[in-house]
Amino acid sequence: MSNTNFLDTYKELNSGQLTNSPKTVLQAYLGAFEAKDALAIQQLIGDRALIEMPLLKPNRLFGASEIFTGHQNAFRSIENAEFTFPEPIAENDSAAIAIGVLTIKRKNGVQDNHEVGVVAEMRDLALHRISLYLNSRNIRRLSDETIV
C-alpha cells in the first residue's frame with residue numbers, strides 16, 4: 001500500500017478536515033510520524049492518552065506533554081520513517097489495527113526494517129491509545145538514548 005494515504009490524511013489533520021474514525025486517526029498518526037511532526041501527533045491525542053513503542057525510551061508515554069517530548073526526541077535521530085501495510089487497515093467503532101513493515105533510516109545512515117503491528121484505540125473522538133508491536137529482542141533496549 002502506498003503511503004500517500006497517510007500523508008494525505010496527515011494533511012487533512014493540518015487543514016482541520018479530518019474525520020474522527022479509528023482508521024482515519026491511525027492514518028493521520030502514521031502520516032505525522034513519517035513527517036516527524038510531534039505537534040500534529042499531540043493534536044490527535046486525548047487528555048489521558050498512552051503511546052507504547054518498544055524503541056522509545058521510555059517505551060510508554062502518558063499524556064500530551066510526555067507524548068510530544070518523546071516523539072520529538074525520537075525524531076531527532078531519524079532521517080526518515082516509512083510505514084507500509086500490504087493489507088487494508090481493519091477497524092471497528094473504537095479501534096483500528098494494521099500489520100506491515102516500519103522502515104527507519106537514521107541520521108547516522110543505519111537503516112532498519114521492522115515487522116510491525118499498530119493498534120489505535122479512540123475514546124471521546126480522540127486517540128486514547130496507540131501501540132506499536134515489533135520484535136525488538138536484537139536491539140539493545142537498555143540504551144541511555146532513544147534508539148528509534
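The following conversation goes through a predicted model and asks how its labels follow from its values.

Colleague: What makes up the chain, and in which order do the elements come along the sequence?

Modeller: The predicted chain holds 4 helices and 7 strands, and reading along the sequence gives the pattern α-α-α-β-β-α-β-β-β-β-β. Buried residues account for 47% of its 148 residues, and the chain exposes about 7,900 Å², of which carbon and sulfur atoms supply 46%. Among the contacts with a separation of 6 or more, 54% are between residues 24 or more positions apart.

Colleague: How do you know that the span of helix H2 agrees with its number of residues?

Modeller: Helix H2 covers residues 22–34, which is 13 residues, and at 1.5 Å a residue the expected span is 18 Å. The expected value takes 1.5 Å times one less than the number of residues. The end C-alpha atoms of H2 are 18 Å apart, so the two values agree.

Colleague: Why is H2 called mostly covered?

Modeller: A residue counts as buried when its relative accessible area is under 20%, and 12 of the 13 residues of H2 are buried. The buried residues include Pro-22, Leu-26, Tyr-29, Leu-30, Phe-33 and Glu-34. After the helix comes Lys-36, whose phi is positive, near 55 degrees.

Colleague: What makes the rings of Tyr-29 and Phe-33 a pair, and why is the pair called tilted?

Modeller: By the ring rule the count comes to 4 aromatic pairs. The ring centres of Tyr-29 and Phe-33 are 6.1 Å apart and their planes stand at 45 degrees, so the pair is tilted. The cut-offs behind this are 6.5 Å between centres for a pair, with under 30 degrees for stacked and over 60 for edge-to-face, and the rest counting as tilted. Both residues lie in helix H2, 4 residues apart, about one turn of the helix, and Tyr-29 is buried, as is Phe-33.

Colleague: What makes the pair of Phe-83 and Phe-85 stacked?

Modeller: The centres of Phe-83 and Phe-85 lie 6.1 Å apart, and 20 degrees separate their planes; an angle under 30 degrees counts as stacked. Phe-83 and Phe-85 are both buried. One aromatic cluster is formed by Tyr-29, Phe-33, Phe-75, Phe-83 and Phe-85.

Colleague: Why is Ser-131 called buried, and which residues does Ser-131 touch?

Modeller: Ser-131 has a relative accessible area of 0%, and therefore counts as buried, given that the cut-off is under 20%. The residue lies in strand S7, residues 126–134. Leaving out residues up to four places away in sequence, Ser-131 touches Glu-52, Gly-117, Val-118 and Val-119.

Colleague: How do you know that the side chain of Ser-131 makes polar contacts?

Modeller: The side chains of Ser-131 and Glu-52 are joined by a polar contact of 2.4 Å, and the side chain of Ser-131 also makes a polar contact of 2.8 Å with the side chain of Arg-129. Such a contact requires N or O atoms within 3.5 Å, one able to donate a hydrogen and the other to accept it.

Colleague: Why is Ala-64 called partly exposed?

Modeller: Ala-64 has a relative accessibility of 29% and so counts as partly exposed, the class between under 20% for buried and over 50% for exposed. Ala-64 is placed in helix H4, residues 63–75. Not counting residues up to four places away in sequence, Ala-64 touches Gln-42 and Ile-45. Its C-alpha lies 8.6 Å from that of Gln-43, with their positions 21 residues apart in sequence.

Colleague: How do you know that strand S5 pairs with other strands?

Modeller: Strands pair when there are at least two bridges between them. Strand S3 (residues 78–84) and strand S5 (residues 95–106) pair in the antiparallel sense over 6 bridges, with Ala-81 opposite Ile-104 in S5. Strand S4 (residues 90–91) pairs with S5 over 2 bridges, also in the antiparallel sense, and Glu-91 has Ala-96 as its bridge partner in S5. To strand S6 (residues 111–123), which runs antiparallel, S5 is joined by 11 bridges, and Ala-96 stands opposite Ala-120 in S6.

Colleague: Which strands form hairpins with S5, and how many residues are in between?

Modeller: S4 and S5 form a hairpin with 3 residues between them. S5 and S6 form a hairpin with 4 residues between them, and Gly-109 in that turn has a positive phi of about 95 degrees.

Definitions and conventions:
Residues are numbered from 1 along each chain as its sequence is written. This is a predicted model: local features need pLDDT of at least 70, side-chain atom pairs count only at pLDDT 80 or more; totals for chains, interfaces and linings use all residues. Side-chain values use heavy atoms; hydrogens and water are left out. Buried means under 20% relative accessible area, exposed over 50%, partly exposed in between (1.4 Å probe, protein chains only). Contact means heavy atoms within 4.5 Å. Accessible areas come from the Shrake-Rupley method with a 1.4 Å probe; for residues, only the protein chains shown count as cover. Rings of Phe, Tyr and Trp (its six-membered ring) pair if their centres lie within 6.5 Å; planes under 30 degrees apart count as stacked, over 60 as edge-to-face and the rest as tilted.
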